[in-house]
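This report covers the contacts between parts of the structure shown below. It begins with the domains and then turns to the chains.

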Amino acid sequence: MTGPFETICSLAKELDAGRISSRELVEDAIARTETLNPDLNAVIAMNKPGALAAADQADKARADGANSPLLGVPLLHKDIFCTRGVRTSCASKMLTDFVPPYDATVVKKLHDAGMVSFGKCNMDEFAMGSSNETSFFGAVKNPWDLNRVPGGSSGGSAAAVAAGLAPLATGTDTGGSIRQPAALCGITGLKPTYGRVSRYGMIAFASSMDQAGPMARTAEDCALVLNAMAGHDPLDSTCADISVPDYSAGLEQSIEGLRVGIPKEFFSSHLNDGVAATVSAAIKELEAAGAVIVDVSLPSTDLGVSTYYVIAPAEASANLSRYDGVRYGYRCDSPSDLQDLYLRSRTEGFGEEVKRRILIGTFTLSAASYDQYFMKAQQVRRLIAEEYQSVLKDVDVIVGPSAPNTAFVLNDGSKSITDMYMEDLFTIGANLAGLPAISVPAGLVDGLPVGMQLIGSRFGEAQLLNIAHQFQIRTDWHSLTPDLEDLTG
Amino acid sequence: MTDAATVRDVAALARLAISDQDMENTTAEFNQTLALFDALSSAETTNVAPMINPLDSAQRLRIDRIETLVDRAGLMQNAPASEEDYFLVPRVLD
């Protein structure tokens, strides 16, 4: 008998020993989702018959001698990944009826590894948001406190794993959309190096920063999943043709002598005191394990938010121009002419935050503003990336908080648009610089999870996962689970 | 500061409509976001090359060979309006 909060590694052992079948696991996951999801709103599409058939296939394959560690393990995909024959909405009215005729490479790779997808996770519309409140299907609730946000944009994925609906959910991270919700929901989330995982079939937001990654209970599980997700894909021209190491094999290395850089700018006035104390205590754990703590500086940290919020909306305005009501997606009723079709389909199909970003992006790309905003931001992006590269020549890893605050209350009217953008302050740098970064549970403040972020060198996922795993051997923050008894009855 | 007329022009470029009722609020939000960008002007970027790709890598191109990744019927099934193998739109030419 397994509980809902088992890790993938633990489930793999149970499956391998024949103590449980994939069908039982998937049935349990579906039943738990049906019970809890009305309160959480973390899952917005289910594929019960397909999942049960895939689970039976996995059980048969295992009986026939197959032995992949992911074989038969259930998962949920963020609804940004195209899934053949299963609605993929990106949490937008624009794609409410979109049924992709193909699978994203991430979906295909995890399917080929034997994982069983049973549904799709809610998210901020087109991945634009840090609270999961911009979804056309309504806000996701944080399992630790249903009055609070789970973070975003992969908020449904984070809430689903935190609530034990599935041991794994896929996420995507353009400015922190894996790490921030992972932190706010008390799970482990990895954003790989830009180009480590294929973007084919992942609905585009900001193409020079979008990257897919695993969201799970532990770094050990993330390593196992990244083994299957990563690798070159000829269908994504930005996907790196660099060999994929065995991430699971490198987890047991000592971190004695590891040089850990602590940027003073990450412990600035923007950071909540409780989060600062919790992350500082977690850094002490690394030190106790033999790591050497080094003070470093990333002076352009504050410029990251401005830089990101020029570049990401600019790329989004270009990417989202494809939604014109002609080939797929929402079309307005009775258009009077072609311009009316474009205008009303887009105005009615997109939500407010998406339209806000398209407008800003269109403005910064316009001839009159291009040099002042877009070109300038691309130049500052290089300065920021060079600062990270320079610091990472001196230290092995950069460590700090994943987010400035714990989960905030839903519909917090006191937060302005730019206040909300500041939630991404500590995560944005890794996206601008294309670096891998992971968030691991580091403690609780007032009963709410806090995440510690580790940022590594390009294609340094193995080292990040190793450090995170060593931290999780010494702490049990990743084992804490929210109390959902009232919901489960 | 950007005025409502500029925001309306940008919206037209983006093929988005803003109602008269929403224009004041949209313009205020627009300016609030632009104010966030003012910080960029403090950065010294003379002779700094823009960074387009975070790995500074060139796009890898596949061999220019015709391949069928998704069949036409699969693609057409999501069309809001189609006839035979064509997408239907309002008449453009009289």
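## Domains of chain A

The domain assignment splits chain A into domain 1 (8–264 + 389–482) and domain 2 (302–381). The model is a predicted one. Taken over C-alpha atoms, the centres of domain 1 of chain A and domain 2 of chain A are 27 Å apart.

## Interface between the domains

Domain 1 of chain A puts 28 residues in contact with 28 residues of domain 2 of chain A. About 2500 Å² is buried between these two domains, with carbon and sulfur atoms giving 66% of that area.

The rule finds 0 salt bridges across this domain interface, while 14 residue pairs are in polar contact, both residues being at pLDDT 80 or more. On the domain 1 side, helix H13 (417–422) and helix H14 (428–433) of chain A each supply at least two residues. That side of domain 1 has 16 nonpolar, 9 polar and 3 charged residues.

## Interface between chains B and A

The contact between the chains takes 68 residues from chain A and 51 residues from chain B. The area buried there is about 5200 Å², and carbon and sulfur atoms give 68% of this area.

Between chain B and chain A there are 2 salt bridges. Glu29(B) and Arg356(A) meet through their side chains in a salt bridge, at 3.0 Å from N to O. Polar contacts between the chains involve 22 residue pairs, both residues at pLDDT 80 or more.

## The chain B side

Helix H1 (4–13), helix H2 (20–37) and helix H3 (72–76) of chain B are the elements that give two or more residues to the side touching chain A. The largest share, 8 residues, comes from H2(B). By class, this side of chain B divides into 32 nonpolar, 13 polar and 6 charged residues.

Notes. Residues numbered from 1 in each chain as written. Chains lettered and ligands numbered in written order. Predicted model: local features only at pLDDT ≥ 70, side-chain atom pairs only at ≥ 80, totals over all residues. Heavy atoms only, no water. Contact = heavy atoms within 4.5 Å. Buried area = accessible area lost by both parts, 1.4 Å probe. Salt bridge = Lys/Arg side-chain N within 4 Å of Asp/Glu carboxyl O. Polar contact = N/O pair within 3.5 Å; in protein donor to acceptor, adjacent residues only side chain to side chain. Helix = DSSP H or I, 4+ residues; strand = E, 2+ residues; numbered from the N terminus. Nonpolar A, V, L, I, M, F, W, Y, C, P; charged D, E, K, R; others polar. Domains from an automatic or database assignment.
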